[in-house]
Amino acid sequence: MPRKKRTTETAESLGFSVAGEIKVSIEELTLHSKSLGFRNPRTDADDTSAGKYSTIIALSDAIRSSNGLVYPIVAYHEKVLKDEHAQQRDECEEAYVIIDGGRRYYAINYLIQMGTFPDDYPIRVQLMEGPVEKLDDLAFVLNTQRQALPVKDTLRQMLNYRKLYQDLHG
């Protein structure tokens, strides 16, 4: 099954829909969101050890040779208050929280840092709309479709599900 179709079917099964595809700059993307209580499940993307670094380099080479992303980054659109004193919607800034595509994000950032891509390089992003409380579920499923999560990240997510189950069913 093609990846885009698989992503769409997974999203729909959790109550999400594809809102469209846009292009944004690297500054508009984030891996984590305090206001949504969301953290990307693939914590190894933050790992800059030699092994992880080499996979980002390899991915950046693939992105450069294909003139951009083959698959867009999947993100959720949110409006974030500019600072803790802001109180109104007009004091918000746009942000796109990465649900799937953390390694692609790091690879593009690497290409920008190396001067291969310009600072304002337009990054393809597939936007999702749906229930905020299911963002963790969607991110977990999308991040395990191609490559298994490291054991520590899988266990952390399973413990979250266990706690949720206990909270719901006593």
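Which residues does Ile108 touch, not counting residues up to four places away in sequence? In this predicted model, Ile108 touches Ile26, Ile63, Leu69, Phe117, Tyr121 and Ile123.

## Overall fold

The protein chain holds five helices and seven strands. Along the sequence they follow the pattern α-β-β-β-β-α-β-β-α-β-α-α.

The chain has 170 residues, and 38% of them count as buried. Its accessible surface comes to about 9,900 Å². Carbon and sulfur atoms account for 52% of that surface. Contacts often span long stretches of sequence: among those between residues at least 6 apart, 77% join residues at least 24 apart.

## Nonpolar cores

In soluble globular proteins, nonpolar side chains tend to be buried together. Here the largest nonpolar core has 22 residues. Leu29, Ile63, Ile108 and Ile123 have the most contacts inside this core. Two or more residues each come from α2, β5 (73-81), β6 (92-100), α3 and β7. Helix α3 gives the largest share, five residues.

A second core is separate and has eleven residues. Val74, Ile99, Met128 and Leu135 are among them.

## Helix α4

Helix α4 spans residues 135-142 and is mostly covered. Six of its eight residues are buried. They are Leu135, Asp137, Leu138, Ala139, Phe140 and Leu142. Leu135 also belongs to the second core.

## Salt bridges

Side chains of opposite charge can pair when their charged atoms come close. How many salt bridges does a search of the whole structure find? The search finds three.

One joins the side chains of Glu21 and Arg124, at 2.8 Å from N to O. Glu21 lies in strand β1 (residues 17-24) and Arg124 in strand β7 (residues 123-129), so this pair ties together parts that are 103 residues apart in sequence. Both partners are partly exposed: Glu21 has a relative accessible area of 39%, and Arg124 has 22%. Arg124 counts as partly exposed, not buried, because its 22% is not under the 20% cut-off.

Another salt bridge links Asp61 and Arg64, whose closest N and O atoms are 3.2 Å apart. Both residues lie in helix α2 (residues 50-65). They are three residues apart, about one turn of the helix. Asp61 is partly exposed at 32% relative accessible area. Arg64 is partly exposed at 38%.

## The Asp100–Arg104 pair

Is Arg104 buried or exposed? Arg104 is buried, with a relative accessible area of 10%. Its place is in helix α3 (residues 102-113). Helix α3 is also the element that gives five residues to the largest nonpolar core.

What does the side chain of Arg104 meet in a salt bridge? The partner is the side chain of Asp100, at 3.6 Å from N to O. Asp100 is buried too, with a relative accessible area of 1%. Both residues count as buried because 1% for Asp100 and 10% for Arg104 fall under the 20% cut-off.

Arg104 has a further polar partner. A polar atom of the Arg104 side chain lies 3.2 Å from the backbone oxygen of Tyr71. The buried side chain is thus placed by the model with Asp100 and the Tyr71 backbone as partners.

How values were computed
Residues are numbered from 1 along each chain as its sequence is written. This is a predicted model: local features need pLDDT of at least 70, side-chain atom pairs count only at pLDDT 80 or more; totals for chains, interfaces and linings use all residues. Side-chain values use heavy atoms; hydrogens and water are left out. Helices (H or I, at least four residues) and strands (E, at least two) are DSSP runs, numbered from the N terminus. Buried means under 20% relative accessible area, exposed over 50%, partly exposed in between (1.4 Å probe, protein chains only). A polar contact is a pair of N or O atoms within 3.5 Å; within protein, one must be able to donate a hydrogen and the other to accept it, and residues adjacent in sequence count only if both atoms are side-chain atoms. A salt bridge is a side-chain nitrogen of Lys or Arg within 4 Å of a carboxyl oxygen of Asp or Glu. A nonpolar core is a set of buried Ala, Val, Leu, Ile, Met, Phe, Trp, Tyr and Cys residues joined through side-chain atoms within 4.5 Å. Contact means heavy atoms within 4.5 Å. Accessible areas come from the Shrake-Rupley method with a 1.4 Å probe; for residues, only the protein chains shown count as cover.
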